[in-house]
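The exercises below are meant to be worked with the sequence and the 3D view side by side. Try each task before reading the solution that follows it.

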Amino acid sequence: MPFTPFHMGPGAAIKAVSGSYFSLTVFGFAQIIIDIEPLIRILQGDKVLHGFTHTYIGAALIGLFSFFVGKKCCEWLLCLWNSIVRFNCLLWLRANPNISWASAASGAFMGTFSHVFLDSLIHSDMHPFAPFSTTNGLVHLLPTGWVYLLCSCLGVMGIMLIIVVRIWSKWAIEID
């Protein structure tokens, strides 16, 4: 997939159904970190773009990094975000800047493992089970366009559900 945006679709859907048990910002952080290797390889003109970071072992290591480093970075970014929306009088866009360790873990590891899985469906240069296997049995299991469409639909549905839940929770609080 062309980097992170399509991968965020499943993340939005997961966030919509899991709420505070999942950090969408840490999920996004993990998406960016895992795609640094292909970006470097593109800039270098390599023929193989998806190496170690796009294996499940690489995903586990990047998940660990995203769990520890991403949690702190994302908390800082959320504080910055809150100060920007406060300045612009968009208080309804505020986010809770406190990310629990459990939600950071679910965001980090679901981010990296889903990334490898989705890319395995599209990219023939991937070996997700390396060093144990050099095959990719998932490649072209679904047409590439369907994978993009699935990710896009999950993103739209997830964002819509997040908005509905946010409006509903505000409305429920105002009634009490």
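**Exercise 1.** Is Cys-74 buried or exposed?

*Solution.* This is a predicted model, and the answer rests on the relative accessible area computed from it. Step one is to take the value for Cys-74, which is 2%. Step two is to compare this value with the cut-off, since a residue counts as buried when its relative accessible area is under 20%. Cys-74 is therefore buried.

**Exercise 2.** Decide how many disulfides the protein has, and explain the result for Cys-73 and Cys-74.

*Solution.* Begin with Cys-73, whose closest cysteine sulfur is that of Cys-74, at 6.7 Å. Next, recall that a disulfide requires two cysteine sulfur atoms within 2.5 Å. Because the sulfur of Cys-73 lies 6.7 Å from that of Cys-74, it is too far away for a bond. Starting from Cys-74 leads to Cys-73 as the residue with the closest cysteine sulfur, again at 6.7 Å and too far for a bond. The count accordingly comes to zero disulfides. As for their surroundings, Cys-73 is partly exposed, with a relative accessible area of 31%, whereas Cys-74 is buried.

**Exercise 3.** Locate His-54 and describe the surroundings of its side chain.

*Solution.* First, find the place of His-54 in the chain: it is in the loop between α3, which covers 36-44, and α4, which covers 56-87. Second, consider its exposure: His-54 has a relative accessible area of 0%, so it is buried. Third, look for polar partners of the side chain. One polar contact, of 3.2 Å, is made with the side chain of His-115, and another, of 3.4 Å, joins His-54 to the side chain of Asp-35. Finally, widen the view to contacts beyond four places in sequence, where the partners of His-54 include Ile-34, Glu-37, Pro-38, Val-116, Asp-119 and Met-126.

**Exercise 4.** Describe the protein as a whole, from its helices to its surface.

*Solution.* Start with the secondary structure, which consists of six helices and zero strands, giving the pattern α-α-α-α-α-α along the sequence. Then turn to the extent of the model, whose C-alpha atoms fill a box of roughly 60 × 30 × 30 Å along the principal axes. Of its 176 residues, 38% count as buried, and among contacts between residues at least 6 apart in sequence, 66% join residues at least 24 apart. The last step concerns the surface, where the protein exposes about 10200 Å², with carbon and sulfur atoms supplying 76% of it.

Definitions and conventions
Residues are numbered from 1 along each chain as its sequence is written. This is a predicted model: local features need pLDDT of at least 70, side-chain atom pairs count only at pLDDT 80 or more; totals for chains, interfaces and linings use all residues. Side-chain values use heavy atoms; hydrogens and water are left out. Helices (H or I, at least four residues) and strands (E, at least two) are DSSP runs, numbered from the N terminus. Buried means under 20% relative accessible area, exposed over 50%, partly exposed in between (1.4 Å probe, protein chains only). Contact means heavy atoms within 4.5 Å. Accessible areas come from the Shrake-Rupley method with a 1.4 Å probe; for residues, only the protein chains shown count as cover. A polar contact is a pair of N or O atoms within 3.5 Å; within protein, one must be able to donate a hydrogen and the other to accept it, and residues adjacent in sequence count only if both atoms are side-chain atoms.
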